[in-house]
Amino acid sequence: MDLNLNSDGKKIALRSTDKQKVPSFPTEIGTITSQNGKIQFTLAGSVKKGFDFTKETVKANYKLVLKFEVQ
């Protein structure tokens, strides 16, 4: 099982049952500039065929923190 945050072509791993895909935080998702004025992101993921939800319980809690700096 994988859960990712996607922003402007950048994929940030939030959760994975694959021990090789360890998430790293904090991670920057983008920079708001005066030209585009916004950042869009989506959550996406996948579950392998035959994934057993009764044996691999996921109790995830995420916090999105926005940090602003004047440039």
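**Notebook: strands, pocket and surface patch**

I looked first at Asp-2, which stands opposite Ser-46 in strand 3; strands here are DSSP runs (E, at least two residues) numbered from the N terminus. The model is predicted, with local features needing pLDDT of at least 70 and side-chain atom pairs pLDDT 80 or more, while totals for chains, interfaces and linings use all residues. Residues are numbered from 1 along each chain as its sequence is written, and side-chain values use heavy atoms, without hydrogens and water.

I then looked up the bridge partner of Asp-2 in strand 2 and found Ser-16. Strand 1 and strand 3 pair antiparallel over five bridges; pairing requires at least two DSSP bridges. Strand 1 is also joined to strand 2, antiparallel, by six bridges, and Leu-5 stands opposite Ile-12 in strand 2. I noted that strands 1 and 2 form a hairpin with two residues between them, and that Asp-8 in the turn has a positive phi of about 50°.

Next I examined the largest pocket (an open set of points on a 1 Å grid over the protein atoms alone, where a 1.4 Å probe fits, with protein on both sides within 12 Å along at least five of seven lines; lining residues have an atom within 4 Å of a point). I recorded 24 lining residues, with Thr-27, Ile-29, Val-65, Leu-66 and Lys-67 nearest the centre. Strand 1 (2–7) and strand 2 (10–16) each supply at least two residues of this lining.

Last, I located Leu-64 in the segment after strand 3 (42–46).

Key: Helix = DSSP H or I, 4+ residues; strand = E, 2+ residues; numbered from the N terminus.
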